[in-house]
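Thank you all for coming; I would like to walk you through one structure this morning, going from strands to sheets and then outwards to domains and chains. Please have the model open while I talk.

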Amino acid sequence: MVDEADRIKNPWGARTPYGPGAPWPTRTDAHLAPGVAAHEVERWVPSASLLHSNGDAMDIAVRQGRIVGVRGRATDRVNRGRLGPKDLYGWQANASPDRLTRPLVREGGRLVESDWDTAMGRIVARSKDLLERHGPGSIGFYTTGQLFLEEYYTLAVLARAGIGTNHLDGNTRLCTATAAEALKQTFGCDGQPGSYEDIDHADVIALFGHNMAETQTVLWTRVLDRLAGAEPPRPVCVDPRHTPVARQAAVHLAPRAGTNLALLNALLHEIIRTDRIDRDYLDAHTVGFAELAAGVERCTPQWAARICDVPAASIEHAAELIGGAERLLSTVLQGVYQSHQATAAAVQVNNLHLVRGMLGGPGCGVLQMNGQPSAQNTRECGADGDLPGFRNWQNDQHVADLARVWNVTPERIPHYAPPTHAMQIFRYAEQGSIGMLWITGTNPAVSLPELSRIRSVLAKEELFVVAQDLFATETAQLADVVLPAATWGEKTGVLTNADRTVHLSEKAVEPPGEARPDLDIFLDYAARMDFRDKDGDPLIAWHDPESAFRAWQRCSAGRPCDYTGLSYDRLREGSGIQWPCTERAPDGTARLYTDGITWADPDTCESYGKDLVTGASVEEVEYRSLNPHGRAVVKAAEYLPPHEDTSADFPLQLITGRTVHHFHTRTKTGRVPELNAAAPDVWAELSPNEAARQGLSDGDLVQVGTPRGAVRARLRTTGIRDGIVFLPFHYGYWDTPAGHRPPDHSAGRAANEGTVTDWDPVSKQPLFKTAAARVTLVARRDTGARNTSETAGSRT
Amino acid sequence: MTGITATLRVLHDGERTLERDLLTAAARHRTDHEIHHVATDLSRWSREHATRLADVGRHYDLDLPGPQSDASPGALTALKEKAAEALGRRPETGLLLLYDLRELHLAATRNSLHWEMLAQAAQATSDDRLLGLAGACHPQTLRQMRWTNTMIKELSPQLLVSA
């Protein structure tokens, strides 16, 4: 067991090199509270990480009813014992003294402590009143990527068939909507094609807008171990920042923000021009290649070089590596998903694999990554703007099948339009047609774009806001009812990571005070609302995590995300298992599409597709004629200039992103001493050139302003392309005097004060990486001052 | 004037009008952000169509002006912009949005039918230049129609029922 002194400074730990095709060696990381020895731990309770999307398996150390540490699980396929810094230290947040322990209700403009009966009574009274006066469309739910599967599924049933509203989405809209949409566009259905084991086999690993070193430290450790071993893979990195990934790359392309599609079209152009394409694969498994070839015909490296401001020779070099790969692995994350033309660009990464015929074999995979630990479950359970089990809202047979599972009439399930996405839910709340918004486990008052607008929506007198969380977040402070929730380690449930690995996370300790598991809260609400099925029996018949899991298994049967071969007992015996897991594939499924495309048939697909530029729906008839045999759809898209471009007043591009030490809005990580000390406050990054051009120096206090708002931050000069300013998005106000907003008459701390309200028309994912900004001096640096965190982010 | 030149002229005017209407809708619905951004993007297609129609028109002895030099609905003053935003946050603008989308859809449909006529005439006369033009532009007009239709389909239930 390795308890390294400082995994803050070295997030990836020591190397365990290995060669291609060899199993990744184990390395067991652990961290126990000071003064607690391993033999003093009374119980090790199985769980998995809730602070990123990698799904690292771990055991929680319990002593005298308290969590006292964690240990990575060496037998698990995902992490082989390793843990990243957030997991090694993050468990301490559970025991923070400021956890919510009682429900709060708003009285005379203030939130006051109350009891469950009063709080739930108010929610139920408001729900019934709205249903009666305005119908189900007046109630909305905004959930997260951090609950468990059983909770999402229960929420999906109560919202879609209980209330009958179309307005249920997750903050997964901000992190993983484009991943899901890109998979639907290409393969007809959601479902991660690749597996983390593809890292063990790949000879080229292309990372598109994916700072894996900070977002998934353990997965990056796997890459570093390959790089340190025999026959290392060659990484290709697309990122405007000189990230730890870029430092290892054979080619690093740093395009202007908002130009990913132009770059990808040029890569495809080169691969087609040099005839590095697999015609047999294209003929057997795809439709639409001719359209792509015509679409990228004029997208030469020289053309893209002008748009992206990247040397044409670098684009050619990258195309050479990708075109020459024998086992190509690609990963995609927020640099693509939260940028202009998000889905169109993510789809072109799928196309790289289709034209090269590299899918389904060892090392040949696409990983359209997730940003949150259970984002995958939000998607599959239908808590995020999809119907449960990847069912197609445009397919009446799918809706009828779902109605059969729930024993309701099909009309009870709204399917006249796609489930409403989060940004539109907030728009309806702004306009007043949504009168109640129930927010679970997320913090829109910090995480959504253009915060002054979001705060004004949440603060509206007519909008009844319920916030269900661990702490008095910025959002909770604006709520009318606050429900104290239990979290990881205090409740049981399943969570599924970005490569479809399902883990069971078991209850280790009691939640504080009167805090309750989210599942119990939803079940309580369903019982109080007395939701019934078509025979008059309770709509939701389950009562605990395991019975909820079994209900979900029935809903998943026969669909791509089939869980019928799993059980709590099986997950307890071993460790993570990848879905689909069925009687026929009892050990799970490492890779999808090993033998052609499985779920694109018009009768089974989750989506008939959309126009990649406008987002307009493709109708069933069109899809049937385009793709009658259910092949992968090679979709082309033309590059369009970004919606908000730089100007004389706002000469820079603002991009926001994560840092290795924090998660989401720091609700947990900001309360962990080691993590907080590593990155206690917001900073801004500019290149040394750009800083000099703006008359600024490293360490200056600056204001990053856009037409919508401003942030005050210390400037760091780092390796980032000229013309771009970077802000980490984690920081908000709960640990400042104003509590939930910037101080009066002053700039804020949350990056989203200035971000633009704009989203990808296809995936509806907000664009956090395409705003015009300016950086101005507030005060020169104090001489002798030093920045605290230098592990994270880009470097000069 | 032949039927072809008459159709070229009316389509050229139709594309000019649609560009302006898309930009007007984009300005009016700036708090419906997707409408604002996508309508602006789609106006570029109509602008390009008007340019190409004017270019091709010369081969038919037509002197078409091409797109308007500034098709935007007039620079909004800061005050007007604020007013549009404030107004945009009131519920009754929902109905206005649906009506605007309806008009955009009808205008695009009108253009689409003219593209259809031109393409048919081009086939009948083996006019490759005209066929190429219609082949390049008509699909984008159809995409403008699909977009307005999709937005109407998605927004109507909420804007007509719950507001």
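Let me begin with a single pair of residues: I60(A) has V70(A), in β4(A), as its bridge partner. The two strands concerned are β3 (residues 57-63) and β4 (residues 66-72) of chain A, which run antiparallel and are joined by six bridges; strands here are DSSP runs of E with at least two residues, helices are runs of H or I with at least four, and both are numbered from the N terminus. Two strands are said to pair if DSSP finds at least two bridges between them.

Before going further, I should say that this is a predicted model, in which local features need pLDDT of at least 70 and side-chain atom pairs count only at pLDDT 80 or more, while totals for chains, interfaces and linings use all residues. Residues are numbered from 1 along each chain as its sequence is written, chains are lettered from A and ligands numbered from 1 in the order in which they are written, and side-chain values use heavy atoms, with hydrogens and water left out.

Returning to the sheet, its four strands come in the order β1-β4-β3-β2 of chain A, and it is open, with antiparallel pairing. At its edges are β1 (30-32) and β2 (43-48) of chain A, each of which pairs on one side only. Neighbouring strands are turned against each other by 25 degrees on average, direction ignored; axes are lines fitted to C-alpha atoms, for helices over the stretch in contact, and angles run from 0 to 180 degrees between N-to-C directions.

There is also an open sheet of seven strands in chain A, with mixed pairing and the order β6-β5-β17-β16-β15-β7-β8. Because β6 (110-113) and β8 (168-170) of chain A stand at the edges with a single partner strand each, one side of each is left without a neighbour in the sheet. From one strand to the next, the twist averages 20 degrees. Helix α3 (residues 149-163) of chain A packs on this sheet, touching β7 (139-143), β8 and β15 (436-440) of chain A, and its direction makes about 165 degrees with that of β7(A); contact here means heavy atoms within 4.5 Å. Helix α21 (residues 518-529) of chain A packs on the sheet as well, touching β15, β16 and β17 of chain A, at about 155 degrees to the direction of β15(A).

What, then, surrounds strand β9 (residues 204-208) of chain A? Five of its five residues are buried (under 20% relative accessible area, against over 50% for exposed and partly exposed in between, with a 1.4 Å probe and protein chains only), so β9(A) is largely enclosed by the rest of the structure. V204(A), A206(A) and F208(A) cover one face, and I205(A) and L207(A) the other. β9(A) pairs in the parallel sense with strand β10 (residues 234-238) of chain A over five bridges, and five bridges also join β9(A) to strand β13 (residues 328-332) of chain A, again in parallel.

Finally, the interface: 34 residues of chain A are in contact with 29 residues of chain B. The area buried between these chains, that is, the accessible area (1.4 Å probe) that two parts lose on being put together, summed over both, is about 2,800 Å², with 47% given by carbon and sulfur atoms. On the chain A side, R427(A), Q431(A) and T614(A) lose the most area to chain B, together 20% of what that side buries.
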